[in-house]
Amino acid sequence: MRKLVAGMLATAMALTACGNSGKSGTVRSQKAAVPAKSLPPKSEGSTGATDDVDGYLPEGRDITPADGQYSAIRNLNGPLLKALRKADKDAKRVNISFQVTSGWRSKKHQQSLLDDAIHKYGTLEKARAFVNTPEQSAHVSGKAVDIGPTDADDWLIQHGADYGLCQVYANEMWHFELRTTPGGTCPAQLTDAAG
């Protein structure tokens with residue numbers, strides 16, 4: 001597990017060196033100097049928009065699973081949100097706090113993230129390793145949530161199955177979906193968003 005986390009952090013730092021602005025839906029690198037507190041990308045669009053209608057979250061604010069005033073939280077699938085809030089409550093007992101960096105997204109928002117990734121990586125095929133299409137993204141259906149910081153991700157990777165929450169992609173330790181029944185076993189991770 002430590003090798004996997006170390007590899008993901010190395011990838012995050014490499015992407016940072018390549019000029020990642022945090023807008024492509026890949027790696028949030030503004031806190032890369034302190035890997036233990038690194039966060040997945042905030043869900044801001046190519047213009048840095050913060051319009052709540054499409055599921056954007058404001059910069060500079062820690063958003064928790066309880067912050068239902070944001071469409072990114074409010075529009076999450078009910079069972080996912082319930083499981084996430086229960087896990088968050090239990091994690092707080094051991095001083096782990098969840099931050100939602102992205103949740104539900106409109107198709108428009110998802111397309112903007114994909115367009116940014118295509119611009120960054122040069123082709124749709126390469127971009128798809130990090131950002132799904134609006135038609136395939138579990139964020140658009142409200143069935144996926146991105147959580148940070150790293151200690152919260154680690155806690156969810158270890159305990160998430162107790163709530164039905166599973167890390168889906170090996171290259172995105174922050175992306176969780178309901179993939180099992182509470183107490184069940186998470187399915188094998190996909191390599192990346194392209195599958």
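In this short talk I will walk through a predicted model, beginning with one helix and moving on to the strands, a histidine, a loop residue and a disulfide.

Let me start with helix α3, which covers residues 78-92. If we allow 1.5 Å a residue, the 15 residues of α3 should span 21 Å, and the C-alpha atoms at the two ends are indeed 21 Å apart, so the expectation and the model agree. Several residues of this helix are buried, namely Leu80, Leu81, Ala83, Leu84, Ala87, Asp88, Asp90 and Ala91. What do these buried residues of α3 pack against? Their partners are α2 (71-74), β1, β2, α6 (150-159), β3 and β4, and we will meet some of those strands again in a few minutes.

Please keep Asp90 in mind from that list, since I would like to turn to the charged side chains next. The structure holds six salt bridges, and I will describe three of them. In one, Lys86 is paired with Asp90, and the closest N and O atoms lie 3.6 Å apart. These two residues are four places apart in α3, which means that about one helical turn separates them. In another, Asp90 meets the side chain of Arg93, with 3.2 Å from N to O. Taken together, Lys86, Asp90 and Arg93 are linked in a network of salt bridges.

How buried or exposed is each member of this network? Asp90 has a relative accessibility of 14% and therefore counts as buried, the limit being under 20%. Lys86, at 48%, counts as partly exposed, whereas Arg93, at 62%, counts as exposed.

The third salt bridge I want to show you joins Arg179 and Glu177, where the closest N and O atoms are 3.0 Å apart. Here Glu177 is buried, with a relative accessible area of 6%, while Arg179, at 38% relative accessibility, counts as partly exposed.

Now let us move to the strands, and to β2 in particular, which runs from residue 145 to residue 148. Both faces of this strand are covered: on one side Val145 and Ile147 are buried, and on the other side Asp146 and Gly148 are buried as well. Which strands are joined to β2 by bridges? Strand β1 (residues 99-102) runs antiparallel to β2 and is joined to it by three bridges, and within this pairing Val100 has Ile147 as its bridge partner in β2. Strand β4 (residues 172-178) also runs antiparallel to β2, with two bridges between them, and there the bridge partner of Val145 is Phe176 in β4.

While we are in β4, I would like to pause at His175, which is found in that strand. His175 counts as buried because its relative accessibility is 3%. Its side chain makes a polar contact with the side chain of His139, at 3.4 Å. If we set aside residues up to four places away in sequence, the residues that His175 touches include Val145 and Asp146, which belong to β2, and also Cys166, to which I will return.

Before that, a word about a loop. Val140 lies in the loop between α5 (124-127) and β2, and although this is a loop residue, Val140 counts as buried, at 16% relative accessibility. Which residues is Val140 in contact with, once its neighbours within four places in sequence are left aside? They are Trp104, Arg105, Ser106, Lys107, Gln110 and Pro134. It may also help to look at Val140 together with Ala72, as these two are 68 residues apart in sequence but 9.8 Å apart in space, from C-alpha to C-alpha.

Finally, we come to the disulfide. A search of the whole structure finds one, and it is formed by Cys166 and Cys186, with their sulfur atoms 2.1 Å apart. The pair links distant parts of the chain, as Cys166 sits in strand β3 (residues 165-169) and Cys186 in the segment after β4, 20 residues apart. The angle about the S-S bond is -85°, and the link is left-handed. The two ends can also be described by their accessibility: Cys166, at 1%, counts as buried, whereas Cys186, with a relative accessible area of 29%, is partly exposed.

Conventions: Residues are numbered from 1 along each chain as its sequence is written. This is a predicted model: local features need pLDDT of at least 70, side-chain atom pairs count only at pLDDT 80 or more; totals for chains, interfaces and linings use all residues. Side-chain values use heavy atoms; hydrogens and water are left out. A salt bridge is a side-chain nitrogen of Lys or Arg within 4 Å of a carboxyl oxygen of Asp or Glu. Buried means under 20% relative accessible area, exposed over 50%, partly exposed in between (1.4 Å probe, protein chains only). Two strands pair if DSSP finds at least two bridges between them. A polar contact is a pair of N or O atoms within 3.5 Å; within protein, one must be able to donate a hydrogen and the other to accept it, and residues adjacent in sequence count only if both atoms are side-chain atoms. Contact means heavy atoms within 4.5 Å. A disulfide is a pair of cysteine sulfur atoms within 2.5 Å. The expected span of a helix is 1.5 Å times one less than its number of residues.
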